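This report covers helix packing and enclosed space in one protein model. The sequence and structure come first, followed by the description.

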Amino acid sequence: MAEISIQVNGRQQKHEAEPRTHLGDFIREKSRLTGTNLSCEHGVCGACTVLVDGRPVRSCITFAGACDGHEVTTVEGYDDDPIMSRLRTAFSEKHALQCGFCTPGMLATSRDIVLRLPDADEARVRIELSGNICRCTGYQGITAAILSVLQALRDQPDAQVEALRAAVVQNVPQDWDQNSFTTFDAVQEEAQMPAPVAAAAPGNADKGKGQAIQGGFDARFPADQVWAFMKDLPKVAACLPGAIIESQEGATVQGKIAIKFGPMSAAFKGNATLEEDNERRAAVLRGEGVDSLSQSRARGDVSYQVQPDGQERSRVHVELVYSLQGPLAQFSRSGLVQDFVRRMIAEFGKNVNLRLENPLAEGHEPVVAEFNPVKMFFSILWDRFKGLFRRA
């Protein structure tokens, strides 16, 4: 963890963050400015576009550490911007937005067009907009809004806008030679992996490929007995809220996991493989699946290790590293969802203890654990609400 200091919308924001934290996550999770939307998380759709030192960047692929000491402007910080005030009015008049999901990024790109290209025609505007995807409008209203602002500024120049344009021209090196550009030399450093679960489990979960959440639970049984249970995939799946195994071949299973959290509802169908380390009583369950409705893809590694806690008790350490791609990716990084996952781990531990206390008779199929997502959702909201008053 390192302290990162960024001036966001004119206010200094200092927060502890991992080196891999992206600017979009820093803005949303650390600064609590949720107007910036994360969608593709590959720098393709443009929904997450913000201004860094006045220039548009993709916040989903820009590291927050690279912006340390710089100025960032999000959609919440455009109140005093002379170009943005014109664009907001034009977007309303030309019906340039519908659902509004792409609008924060679209406004940042539109501002850049007005600033850099005062003589742009419709063809050039459409080319400049090609890095921002809108699934609603067909771009007609957006293009018309930008062209109307450009025409208004040609008909009646604005001194504030002209000053911004002059600053852009002054900041462009006149003798810059693209052939003289050289990259930095990569230096490999020894990675520090202090997390006990990932270090002990076979095939350490790759934290660089998703969000990492740690948790665990206490088991009222000896470590060897708990480990024998945790190696049995059908029994473990019966304890995991929403998970169902449909078939199994060796250490690989086919099945699905259903999730419902507030506005998010999905049923991911796919496969998972278990890698075991009996000597350490540790394992990694690697899975991936696709939601048939939204076509969102999910990938996750669940690492767990059983450690003795006295002679008759044990502690199960759990770490989940997950990533989402597609329409549901916008939910994957919220604090509420992370709280939800931690509650699911706790619910999973409760079910494991119940199954160990009441083992199934030989030949009986395990019964899937009952799960009330609505009750859990409102329980998390209530805890968050109480937390606000405690901080106040």
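Which helices and strands each supply at least two residues of the lining of the largest cavity? In this predicted model, they are α9 (233-239), β7 (243-249), β8 (252-261), β9 (264-277), β10 (282-291), β11 (297-308), β12 (314-325) and α10 (335-357).

**Cavities**

The structure holds 2 cavities of 30 Å³ or more. Their volumes and linings by class are set out below.

| Cavity | Volume | Nonpolar lining residues | Polar lining residues | Charged lining residues |
|---|---|---|---|---|
| Largest cavity | about 1100 Å³ | 27 residues | 9 residues | 5 residues |
| Second largest cavity | about 30 Å³ | 7 residues | 4 residues | no residues |

The largest cavity is lined by 41 residues. Leu240, Ile257, Ile259, Val302 and Leu320 are the ones closest to its centre.

The second largest cavity has a lining made up of Ala96, Leu97, Gln98, Cys99, Gly100, Cys102, Thr103, Cys134, Cys136, Thr137 and Ile142. None of these lining residues is charged.

**Helix α5 and its partners**

Two helix pairs involve α5, and each is described in turn. Helix α2 (residues 82-93) and helix α5 (residues 140-155) have axes that come within 9 Å and cross at roughly 135°. Angles of 65 to 115 degrees count as roughly perpendicular and those over 145 as roughly antiparallel; α2 and α5 are therefore oblique to each other. Their crossing is right-handed.

On the α2 side, the contact is formed by Arg86, Leu87, Ala90 and Phe91. On the α5 side, the residues are Ile142, Ala145, Ile146, Ser148, Val149, Ala152 and Leu153. By class, this contact of α2 with α5 has 9 nonpolar, 1 polar and 1 charged residues.

Helix α3 (residues 103-116) also packs on α5, at an angle of about 35° and with the axes 10 Å apart. This crossing of α3 and α5 is right-handed. Met106, Ser110, Ile113 and Val114 of α3 meet Ile142, Ile146, Val149, Leu150 and Leu153 of α5. The residues of the contact of α3 with α5 comprise 8 nonpolar, 1 polar and no charged.

**Shared residues**

Some α5 residues recur in these lists. Ile142, Ile146, Val149 and Leu153 take part in the contact with α2 and also in the contact with α3. Ile142 is, in addition, among the lining residues of the second largest cavity. Thr103, which lies within the residue range of α3, is another residue of that lining.

Methods: Residues numbered from 1 in each chain as written. Predicted model: local features only at pLDDT ≥ 70, side-chain atom pairs only at ≥ 80, totals over all residues. Heavy atoms only, no water. Axes fitted to C-alpha atoms, helices over the stretch in contact; angles between N-to-C directions. Helix = DSSP H or I, 4+ residues; strand = E, 2+ residues; numbered from the N terminus. Parallel < 35°, antiparallel > 145°, perpendicular 65-115°, else oblique. Left-handed = near helix turned anticlockwise from the far one by under 90°. Contact = heavy atoms within 4.5 Å. Nonpolar A, V, L, I, M, F, W, Y, C, P; charged D, E, K, R; others polar. 1 Å grid on protein atoms, 1.4 Å probe; cavity = no way out; pocket = protein on both sides within 12 Å on 5 of 7 lines; lining within 4 Å. Points joined across faces, edges and corners; volume = space filled by probe spheres on them.
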